[in-house]
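Colleague: I am new to this structure and would like to be walked through it step by step. Could we begin with a single helix and work outward from there?

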Amino acid sequence: MLGVLKKDPIKRLISALGKEKVNTSIVERKLYSYDATPIPIERAIPSAVIFPESREDVIKLVEVCYEENIPIFPRGAGSGLTGGAVPTRENGVVVSFERMTSFEVDVDNATAKVQPGVVTYDFQQHVEKLGLFYPPDPSSFKYSTIGGNIAENAGGPRCLKYGVTREYVLGIEAVIKEGKTIKTGNPILKDVAGYDITKLFVGSEGTLGLLTEATLKLIPKPQARATALALFKSLEDVGKAVTRIMTSGIFPSALEFMDRDAIKAVEDYKPVGLPKDAEALLLIEVDGSKTAVKEQIEEVKGLLAQLGVEVKVAQSEEEAQKLWTARKNLGPALGNLKTGKINEDIVFPRTYLAEALPKLRKIAKKYDLLMVIFGHIGDGNLHVNFLYDKTDKEEEERAERAVDEVFELALSYHGSITGEHGVGLTKKKFLRWQFGDTGYELLKGIKLLFDPKNLFNPGKVIEL
Ligand SMILES: Cc1cc2nc3c(=O)[nH]c(=O)nc-3n(C[C@H](O)[C@H](O)[C@H](O)COP(=O)(O)OP(=O)(O)OC[C@H]3O[C@@H](n4cnc5c(N)ncnc54)[C@H](O)[C@@H]3O)c2cc1C
């Protein structure tokens, strides 16, 4: 007797979704096998790239993938830095959310329902015109998506005062195992019913299911902002200044740090007039009502004067933007220094910064590496960059060994291996260090509850 011929799984996806939503061209498949991760990582060419346009499309595609055992690699804008959106199995499919870009704002409840493919900047621009504010501001906000930001629990400078993406996600709708839909939360601020599945999804890096919609919290847009630049002669003083500001009763909306090599790198890349002989600088931003902003920035100036630190307040929006551009140019500026870069985003409790910063420098010295540090020092989240020559394998290995020590240092101070970029592929081996064996086993159990076949972003975050 003739057996029933099984249909090619990709053909099944095409018949379920329509061929305009399933691209199998080799060019497209190769294009979608990358993200912004700057170091070499494991990567596979997917069998197809799928472009769902609705929740129904997502359900159909997960149903087929779950029946056919096809690994699913969700993707926003591909700006992730830890390989989160990169396919790692030859028979997998990439699911790009770039066609799911609608959103709806409820001004009276200060909430919004947002599809995952919406670009964060577009959404922010829209709500700000309505007098509302969506604070999460990863430096990639002009192109990264709400779905990618939620999956990574992204943050940026303003998260010091306003919190990371997690604080703004009131509910999610997601498609999990076998194409089942879960809906959590509502457009309400208080909701303590049951386990918090919403927050579990935030930062799950596409490993639990596919996010199809989120309910986001919005807050009133601050009236005014002021930015100041503080220049330092020693790294130890930076730690002291941060503690002084953060214990003064003033809550800056951003407190950003650049060390001397970071200053030099941006000045060599696109000069804005920062002094290259400073050991470090802080960019300090306060926001709120016009009068409060004026008073607070003067107070910060006074506090730092007591430590002998020079502070210049930007006199116009243009001047402030120039300073922020210098900070935001750091990524490309570092690319100019050496061909290879490992960029880690560790976190220290703030009070340990004065001790930890010089220790980081010692690690760079021990491994004879060029290291540049910058970041969101107000919340203890530092970007530690080791720069190396990609053609020099020995130097690359030294950089990898130095990174291990950086993580050990962060954990020894009760910090974290990642404050922004997530675990993805590149930090998997360190996650167990942070969670311990019992915690790690729980993570595995949670993953398998949502995805017993390990088809959602397999190989990311945890090893099963
Ligand atoms: C220059 C530069 C600066 C950056 N600055 C910051 C920064 O300041 N702060 C910060 O936090 N990050 C930063 N990043 C990292 C990156 O931009 C963020 O992680 C961002 O949230 C990724 O969004 P994305 O839309 O590009 O998602 P992608 O990179 O495409 O995907 C990220 C993760 O989300 C998953 N995913 C995407 N959509 C869905 C969905 N619908 N359902 C389930 N899972 C999904 C993917 O599988 C992947 O695991 C930066 C990156 C670059 C290149």
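Colleague: Which residues of α10 are buried?

Modeller: This is a predicted model, and in it helix α10 covers residues 290-305. A residue is called buried here if 20 or more other C-beta atoms lie within 10 Å of its own. In α10 the residues that are buried are Q296, I297, V300 and L304.

Colleague: Why are these residues on the same side of α10, and what arc do they cover?

Modeller: An α-helix has 3.6 residues a turn, so residues three or four places apart point the same way. The buried residues Q296, I297, V300 and L304 lie on the same side of α10 because the arc they cover around the axis is only 100°.

Colleague: Which residues are exposed on the other side of α10?

Modeller: A residue counts as exposed if 12 or fewer other C-beta atoms lie within 10 Å of its own. On the other side of α10 from the buried residues, those that are exposed are T291, G302 and A305.

Colleague: What covers the buried residues of α10?

Modeller: The cover includes one helix, α8 (235-246), together with strands from elsewhere in the chain. Those strands include β12 (224-232), β14 (280-288) and β15 (310-313).

Colleague: How far does α10 reach from its first C-alpha to its last?

Modeller: Helix α10 has 16 residues, and at 1.5 Å a residue the expected reach is 22 Å. The model comes close to that, with a reach of 23 Å.

Colleague: Which residues have the most contacts inside the largest nonpolar core, and which helix gives that core its largest share?

Modeller: The largest nonpolar core has 69 residues, and those with the most contacts inside it are A230 and V406. Leaving aside residues up to four places away in sequence, A230 touches A241, L281, L282, I284, L304, V309, E310 and V311, and L304 is also one of the buried residues of α10. The largest share of the core, seven residues, comes from helix α14 (residues 393-412).

Colleague: What are the edge strands of the open sheet of four strands?

Modeller: The sheet has mixed pairing and the order β1-β2-β4-β3. Strand β1 pairs with β2 (residues 48-50) in the antiparallel sense over two bridges, and N23 has V49 in β2 as its bridge partner. The edge strands, each of which pairs on one side only, are β1 (22-23) and β3 (72-75).

Colleague: What radius of gyration does the protein chain have?

Modeller: The C-alpha atoms fill a box of roughly 90 × 60 × 40 Å along the principal axes. For 464 residues, a compact globule would have a radius of gyration near 23 Å, and the protein chain agrees with this, having 23 Å.

Methods: Residues numbered from 1 in each chain as written. Predicted model: local features only at pLDDT ≥ 70, side-chain atom pairs only at ≥ 80, totals over all residues. Core = buried A, V, L, I, M, F, W, Y, C linked by C-beta atoms within 7 Å. Contact = placed C-beta atoms within 7 Å. Expected span 1.5 Å × (residues − 1). Arc of directions from axis to C-beta. Pairing = 2+ DSSP bridges. Rg over C-alpha atoms; globule rule 2.2 N^0.38 Å.
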